[in-house]
Amino acid sequence: MPSRPSNSVFSAAFVRTTDGWNGAEVDLSEAEIADDLGDAVQEHLGLTGDELALLCVEVEDEWFAIVRYQGDLEPRTFLSDAHAGLSDDLGELFTELAGVAVDKDTPDLGVRPAGDFELLEDLGLSSGELVELSMEEGALPADTLSVIAERLAFADELDRLR
């Protein structure tokens, strides 16, 4: 069984429908490999085809991740801090999905976003805005995800699940 961070973890997935977004809290406690994350999203949302789904994960005041799933396409991942993989096994899964090789010998140079900065562009959030939001000084991951959810019109669903 993978170790989990001592910090609080919140994870929810959102599927885009013709009526907007629907969300469900997603339990990632049993995820051992990156594919387990996608399986959990599919199971909790009941995905059946090419639906667009976003998995949003926040680890208290440490980091957040957004993974975009759509049909048979490879998942696209944004990670607010590439150092997430140093903190716990869940962080390692997200750094793997984001294509980040974490060097444990390199000193911490502060928050360093990683992954696919453009995964939300077609939904109305540019790569520049995503990076700027993730690096905003003093902003907690929960606050940043709330702003992103507001911009993408699923804030009500996110608030309902929190």
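**Exercise 1. Find what Arg68 pairs with, and which parts of the chain the pair ties together.**

Solution. Arg68 makes a salt bridge with Asp122, with the closest N and O atoms 2.7 Å apart. (The cut-off: a side-chain nitrogen of Lys or Arg within 4 Å of a carboxyl oxygen of Asp or Glu.) Next, place the partners: Arg68 sits in strand S4 and Asp122 in the loop between strand S6 (114-115) and H3, so the bridge ties together parts 54 residues apart in sequence. Helices (H or I, at least four residues) and strands (E, at least two) are DSSP runs, numbered from the N terminus. Last, check accessibility: Arg68 is buried at 6% relative accessible area, while Asp122 is exposed at 54%. (Buried is under 20%, exposed over 50%, partly exposed in between, with a 1.4 Å probe and protein chains only.)

A word on the ground rules: this is a predicted model, where local features need pLDDT of at least 70 and side-chain atom pairs count only at pLDDT 80 or more, while totals for chains, interfaces and linings use all residues. Residues are numbered from 1 along each chain as its sequence is written, and side-chain values use heavy atoms, leaving out hydrogens and water.

**Exercise 2. Work out where Glu58 and Arg162 lie, and how buried or exposed each one is.**

Solution. Start with the contact: their side chains meet in a salt bridge, 2.7 Å from N to O. Glu58 belongs to strand S3 and Arg162 to the segment after H5, so this pair ties together parts 104 residues apart in sequence. Glu58 counts as buried at 9% relative accessibility; Arg162, at 39%, is partly exposed.

**Exercise 3. Check the span of helix H4 and say where its buried residues point.**

Solution. Take 1.5 Å times one less than the number of residues. For the 12 residues of H4 (residues 141-152) that should give 16 Å, and the end C-alpha atoms are indeed 16 Å apart. Now list the buried ones: Pro141, Thr144, Leu145, Ile148, Ala149 and Leu152. They cover an arc of only 135° around the axis, which puts them on the same side of H4. (That arc is taken from the directions from the helix axis to the C-beta atoms.) Their packing partners include strand S2 (20-25) and helix H5 (155-161).

**Exercise 4. Zoom in on Ala149: which residues does it touch beyond four places away in sequence?**

Solution. Ala149 is buried, with a relative accessible area of 0%. Its contacts (heavy atoms within 4.5 Å) are Phe154, Ala155 and Leu158.
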